[in-house]
Amino acid sequence: MPQISLRAEEIFHIGSFPVTNAVLLSTIVLVLLAVFAVALRRKLSFIPGMVQNVMELIIEGALSLMDSVLGNRKTSEKYMPIVFTVFLFVLCSNWLGLFPGVSSVVVREGAESVPLLRSPASDLNFTLALALIVVTFVNAFGVAAVGLRKRLSVFFNFKGPIDFFIGILELISEFAKIISFSFRLFGNVFAGEVLLAIMSFLVPYLVPLPFMFLEIFVGFIQAFIFGMLTLVFVAMAVAEHGHEEIETAKVG
Amino acid sequence: MDINSIRLLATFGAIGMGTVVPALAIGLIGAKAVEAIGRNPEAASKVQTMAILAIAFAEAIAIYALVIALIIKFVQ
């Protein structure tokens, strides 16, 4: 029976900070993305090479998708860093968590053996941190765009009893967003890890293949959902009341 | 009834009851999305984006149930 642990296991300590296998893989993802970004930046030219071409395609596609939600290109370029970074980071974490060697290369930790690397999003700390960052940014962008008074008036609305009640519901829904963001990603990736571990334990050859495809697909979809929800919440937070250009319905 | 039997029953209950309604919800969303595209094929990509978003929300509920079932089964 494979050893399935809900919490990420500690590999070593830096001073008094415990480094878990999920933290290790997420740091590797970070370093890989940073190196790729810096290397591509140095080689940017007016006649693009293949890598620059592909990245331009992806960025253009992402910008036009953001245009359809936010309304104009200028706003999309303003909010692209946070949305695209969240998408890219979650995507690379999920896909690198499927790499051969992750969750299988094992380190002897005292009595039990512990995997050296683990999919970062299968650790609730990672997804909770991302959710907190995203919700903080959404509110910060809201304050920056419409002002502190207007942003607070969404939550504390004293125009009447029903409006007050709706304001309280909005406040509760901000916290519900944090919970649902973190648990959606955590649940999908952790359940995928458990599924792959059990399948590989039961029938090691050939049968885990469709489940690997499923995990690749789910990894992409969850990253896309995270990015899209960030985008939609930013769009709702910075909307000027009066001419709301958001076509998507309000989701709670 | 010892704790392990109750564990098994609880796992079965959590996942069994928790995925019925999200499955219905996703089916309804899909049906409405297909109908909307059928009525207005030009709006296909907008409808598709919105449908995928709504499906992810509905699926999140099933995922919550799955997480609870996994915790019951595998955490001592």
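The following exercises, each with a worked solution, concern a predicted model with chains A and B.

Residues are numbered from 1 along each chain as its sequence is written, and chains are lettered from A, with ligands numbered from 1, in the order in which they are written. Local features need pLDDT (the predictor's confidence in each residue, from 0 to 100) of at least 70, side-chain atom pairs count only at pLDDT 80 or more, and totals for chains, interfaces and linings use all residues.

**Exercise 1. Describe the make-up of chain A and the confidence assigned to it.**

Step 1. Helices (H or I, at least four residues) and strands (E, at least two) are DSSP runs, numbered from the N terminus. On this basis chain A has 7 helices and 4 strands, in the order β-β-α-α-α-β-β-α-α-α-α from the N terminus.

Step 2. The C-alpha trace of chain A spans about 65 × 55 × 40 Å along its principal axes.

Step 3. A residue is buried if 20 or more other C-beta atoms, placed from the backbone, lie within 10 Å of its own, exposed if 12 or fewer, and partly exposed in between. Of the 252 residues in chain A, 26% are buried.

Step 4. Two residues are in contact if their C-beta atoms, placed from the backbone, lie within 7 Å. In chain A, 62% of the contacts between residues at least 6 apart in sequence join residues at least 24 apart.

Step 5. The average pLDDT of chain A is 88, and 94% of its residues score at least 70. Residues 242-249 of chain A have pLDDT below 50, and this stretch has 10 contacts in the model beyond near neighbours in sequence.

**Exercise 2. Characterise the shape of chain B and assess its helix 2.**

Step 1. Chain B contains 3 helices and 0 strands, running α-α-α from the N terminus.

Step 2. The radius of gyration is taken over C-alpha atoms, and the globule rule is 2.2 Å times the number of residues to the power 0.38. For 76 residues, a compact globule would have a value near 11 Å, whereas chain B has 18 Å. The C-alpha trace of chain B spans about 60 × 15 × 10 Å along its principal axes.

Step 3. The expected span of a helix is 1.5 Å times one less than its number of residues. Helix 2 of chain B (residues 20-39) has 20 residues and should therefore span 28 Å; its end C-alpha atoms are 29 Å apart, which agrees.

Step 4. The number of buried residues in helix 2 of chain B is 0, so this helix lies largely in the open. Over the 76 residues of chain B, 18% count as buried.

**Exercise 3. Identify how chain B meets chain A and which elements supply the largest nonpolar core.**

Step 1. The contact takes 14 residues from chain B and 16 residues from chain A. On the side of chain B that touches chain A there are 13 nonpolar residues, no polar and 1 charged (Ala, Val, Leu, Ile, Met, Phe, Trp, Tyr, Cys and Pro count as nonpolar, Asp, Glu, Lys and Arg as charged, and the others, Gly among them, as polar).

Step 2. A nonpolar core is a set of buried Ala, Val, Leu, Ile, Met, Phe, Trp, Tyr and Cys residues joined through C-beta atoms within 7 Å. The largest has 48 residues, and those with the most contacts inside it are A:Val86, A:Val90, A:Phe226 and A:Leu231.

Step 3. Among the elements that each supply at least two residues of this core are helix 3 (73-96) and helix 6 (161-202) of chain A, and helix 3 (44-74) of chain B. Helix 7 of chain A gives the most, with 11 residues.

Step 4. Beyond its neighbours within four places in sequence, A:Val90 contacts A:Ala121, A:Leu185, A:Gln222, A:Ala223 and A:Phe226.

**Exercise 4. Decide whether A:Ala121, A:Ser103 and A:Leu206 are buried or exposed.**

Step 1. A:Ala121 is placed in the loop between strand 4 (112-115) and helix 4 of chain A. A:Ala121 is buried because 30 C-beta neighbours lie inside 10 Å. Its C-alpha atom is separated by 6.7 Å from that of A:Leu185, 64 residues apart along the chain.

Step 2. A:Ser103, in the loop between helix 3 and strand 3 (106-109) of chain A, has 22 other C-beta atoms within 10 Å and is therefore buried. Its phi is near 70°, a positive value in a residue other than glycine.

Step 3. A:Leu206 lies in the loop between helix 6 and helix 7 of chain A, with phi near 75°, again positive in a residue other than glycine. With 7 other C-beta atoms within 10 Å, A:Leu206 is exposed.
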